[in-house]
Structure formats: structure tokens, C-alpha cells
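Colleague: I should be grateful for a close look at the aromatic rings in this model, followed by an account of the surroundings in which they are set.

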Amino acid sequence: MTVKTSTLPQGPKGLANDPIVQLRITDKATLALADEKKTFSLGRDGACDLVLNLPAVSSVHCFVERRPSGLRIVDNRTKNGTFFRGAAVENFELRAGEAFSVGGEHVVALTGPAVAAEAPLRRLLGAGSQAAIDRAMQLALARHAIAILGKAGCGHVDVAALLHEASARRTRRFVAIRSVDELAAALNHDPDRINHGSLYVHLEAIGKLKSTAPALAAALARIAGTANVVVYIGAREADEIVTSLGITIDETHTLAIPSLHERGDEVLGLLEVMLGAEMAKLTPPQRKALVKYRWPGNLDELRADAELLRAVLAHGGIRAAERATGVPRSVISRVTTKLHLGLREP
């Protein structure tokens, strides 16, 4: 049965209202929505603006119309239908971060900030993580709690901050909690600070709040269940969130970060960001040494080691890096030796 949907409600005032600039089918096709064009087509025919060559997709399956409020998707009276929120729909409005389905494939709507966040997200989640990145873009629009799972130090807060920047909430505050006292202050004494913004908490920082501070755990659970604040929770496993906070997060609202030693030569991509222009000073054998090194799975340690390595490369040696950073030469030498880079004092 086909149904029609009404215009989507507007979000809270003061949030960014970015236009949708791209439609993407994971790993298959991307359509940039040119400003000068008002209507786009999606289908199996090669003349369509977005081509998806699948048996269940009609020659011209649906149309995408640009509207002041966003996009309107119109099914072209197809046999297999165009699906939105689990139902076959004749026409509906689509907002940033949402997806619709044709032929069993999801088409995701992205804003400019969301597209900009993809490259750094890919470095954190891995080159083979396009499906996870598409999910992240949808989660960026979410108005519910989101679990970011991975080993300690693997970049939970970095991912949360990127999701915040990709969302309409980026005009509001992103508050990262580092202790129980900070959480109490944010929830009880300064709620306007996070209203319509994002709150990041890590279980390692606040512990088993459900047993140590049940009132605070209840307050966190309450705001995690509202649309006023998006709560990002960093943890190793989803079960820990239930045990520590009493909050259950649906599997579709979770994002997993792989450890560095599962990433192989993708670590070089992270190092290129951290080292900047100094990366070009590494020789091919030194780059191979960085790939071969068995990283402990900890992004924080990689960042700390990269900062010392950047100083060595920038200042021309270990002794000069010691003078510039104040870090003892022995510490810098241990890092460069550990990475088997063959760097010596000048």
C-alpha cells in the first residue's frame, strides 16, 4: 500500500539549516545536486542523473525535486516501489541524513558539512568503512543517544566531534565530559550550555554511574531520551552502557571504531594528518617501517608518538627536537627507535 507523507516539521531555532548537496548509494553511485537544476532522475536507464543498474529498479524509477524546505522524492509509478521509513511511498520529503530505498539499495542525503566530515571519518573508521560512514551521516541527524564503541583511546571523542560538526547542531556547543563532577555541572547547574547541542561522555571517565550516583545516571538517561540534546556515549561494548548507565541503545544507533592494528597501511593516512608537511620527509623504507609496526590499537598513543616524530622531522634531529619541545632526548629516542625509523641525533 502506498501512502503520502506531509511536510517535515522544522527543527529547533538556531540550528544550521544546510541544504542537501549530494545523494549517495553506498559504494555504487553518487549524485551531486547542481544548484542550477531543480529536478533529477534516478533509475536503471543510463540517461538518468543517478544510475542504479539493478533488476528491481525501473528505467526511470523516481524523481528528486528541489524544494525550499529540502527535497521531495516522487515515485514514478513503479512496480517495485520507492521505500521511505519501511513503507512504499508515492512521494515524500527528505531531509539531510535520511535515506530512502530503491531496489533494495539505500540512497543517503548529505549536506556540505556532512560531505566535509567524511574524509576525517574515513581515516578514523578505515578505508573499507563506507557503509559505516553512511550510517554515521544518518546518525549525525539523530535526535537520540548514540553509542561509539571501541578500545580505550581509539578516538571515541574524535568521532563524536565529527558527527557533531556534520549535523545541524554544530552551531551549538559540543561538550566533552571528563569527570563525574563535570557531568553533574552540565546536567544540574548549566543545562543551557548543552541545550540543542551535543554531550559526549566516556564510561572510563564516569565509571558505573548507575550504582555510584543513581540520580545522576537517571538524569543522563532522561536527556538521552529527548530531542533537546544528542548524547554520545563512548564505551568498549554496548553491554557496558546498560550496566554502567542503565541506558539501552539500539544496534542501529551504534558505530564501531576498529583498532589500529586491524588497519594495516591505513595508519599512514592518520599519520599524514598528524605529521602534516613533515610526512614528505620520511623515506620509503621509513614509511614501510611505520606500516609494519604493531600499533597497540590506541589512537591517543599514535597521536603522542606522531607529535614527537613531527618535532624530530621539523627541527632536523632528536637533539634539536629536545630543545624545541622540552621533551627529554631519551623519550624521543625511545619513540623513534620503537618505530624502527633509523633516525639519529644530528
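Modeller: The model is a predicted one, and its count of aromatic pairs comes to 2. In one of them, phenylalanine 84 and phenylalanine 92 are stacked, with 4.4 Å from centre to centre and 5 degrees between the planes. A stacked pair requires planes under 30 degrees apart, and the 5 degrees between phenylalanine 84 and phenylalanine 92 therefore meet that requirement. Both phenylalanine 84 and phenylalanine 92 are buried. Phenylalanine 92 also pairs with phenylalanine 100, here edge-to-face, at 5.9 Å centre to centre and with 65 degrees between the planes. The edge-to-face class begins over 60 degrees, so the 65 degrees between phenylalanine 92 and phenylalanine 100 fall within it. Like phenylalanine 92, phenylalanine 100 is buried. Phe84, Phe92 and Phe100 thus form one aromatic cluster.

The surrounding chain may be taken next. Arginine 85 is located in the loop between E8 and strand E9 (87-94). Its phi is near 55 degrees, a positive value in a residue other than glycine. Most residues other than glycine have a negative phi. Arginine 85 has a relative accessible area of 58% and is exposed, because the limit for that class is over 50%. Arginine 77 offers a second case of positive phi in a residue other than glycine, with a value near 50 degrees. Arginine 77 belongs to the loop between strand E7 (70-75) and E8, and its relative accessibility of 83% makes it exposed.

Another loop can be described through serine 58, which is placed between strand E5 (50-51) and strand E6 (62-67). Serine 58 has 22% relative accessibility and counts as partly exposed, because that class lies between the 20% and 50% limits. If residues up to four places away in sequence are not counted, serine 58 touches Gly43, Arg44 and Thr78. Threonine 78 is 20 residues from serine 58 in sequence, while their C-alpha atoms are 6.6 Å apart in space.

Strand E8 also takes part in a pocket. The second largest pocket has a volume of about 590 Å³. It is lined by 24 residues, of which Gly97, Glu98, Ala99, Gln138 and Leu139 are the closest to its centre. Two or more lining residues come from each of strand E8 (82-84), strand E10 (99-102), strand E11 (105-111) and helix H2 (130-140). H2 gives the most to this lining, with 5 residues. In character, the lining of the second largest pocket divides into 9 nonpolar, 9 polar and 6 charged residues.

Beyond the aromatic cluster, the nonpolar interior deserves attention. In soluble globular proteins, nonpolar side chains tend to be buried together. The largest nonpolar core of this model has 54 residues, and those touching the most other members are Leu121, Val159, Leu163, Tyr232, Leu271, Trp295 and Leu302. Helix H11 (residues 299-315) gives the most to this core, with 8 residues. Another core, of 29 residues, lies apart from it and includes Leu183, Leu209, Leu216 and Ala217. Within the largest core, leucine 163 may serve as an example. Once its neighbours within four places in sequence are left aside, leucine 163 is in contact with Leu121, Ala136, Ala140, Tyr232 and Leu255.

The structure also holds 1 cavity of 30 Å³ or more. The space in this largest cavity is about 40 Å³. Its lining consists of Arg123, Leu124, Cys154, Ile257, Pro258, Leu260, Arg263, Leu270 and Leu299. Of these lining residues, 7 are nonpolar and 2 are charged, with no polar residue among them.

These parts belong to a protein chain with 13 helices and 16 strands. Buried residues account for 47% of its 346 residues. Among contacts in the chain with a separation of 6 or more, 63% are between residues 24 or more positions apart. To return to the request, the aromatic cluster consists of Phe84, Phe92 and Phe100, with a stacked pair formed by phenylalanine 84 and phenylalanine 92 and an edge-to-face pair formed by phenylalanine 92 and phenylalanine 100.

Key:
Residues are numbered from 1 along each chain as its sequence is written. This is a predicted model: local features need pLDDT of at least 70, side-chain atom pairs count only at pLDDT 80 or more; totals for chains, interfaces and linings use all residues. Side-chain values use heavy atoms; hydrogens and water are left out. On a 1 Å grid over the protein atoms alone, a cavity is a set of points where a 1.4 Å probe fits but cannot get out, and a pocket is an open set with protein on both sides within 12 Å along at least five of seven lines; lining residues have an atom within 4 Å of a point. Grid points are joined across faces, edges and corners, and a volume is the space filled by probe spheres set on the points. Helices (H or I, at least four residues) and strands (E, at least two) are DSSP runs, numbered from the N terminus. Ala, Val, Leu, Ile, Met, Phe, Trp, Tyr, Cys and Pro count as nonpolar, Asp, Glu, Lys and Arg as charged, and the others, Gly among them, as polar. A nonpolar core is a set of buried Ala, Val, Leu, Ile, Met, Phe, Trp, Tyr and Cys residues joined through side-chain atoms within 4.5 Å. Buried means under 20% relative accessible area, exposed over 50%, partly exposed in between (1.4 Å probe, protein chains only). Contact means heavy atoms within 4.5 Å. Rings of Phe, Tyr and Trp (its six-membered ring) pair if their centres lie within 6.5 Å; planes under 30 degrees apart count as stacked, over 60 as edge-to-face and the rest as tilted.
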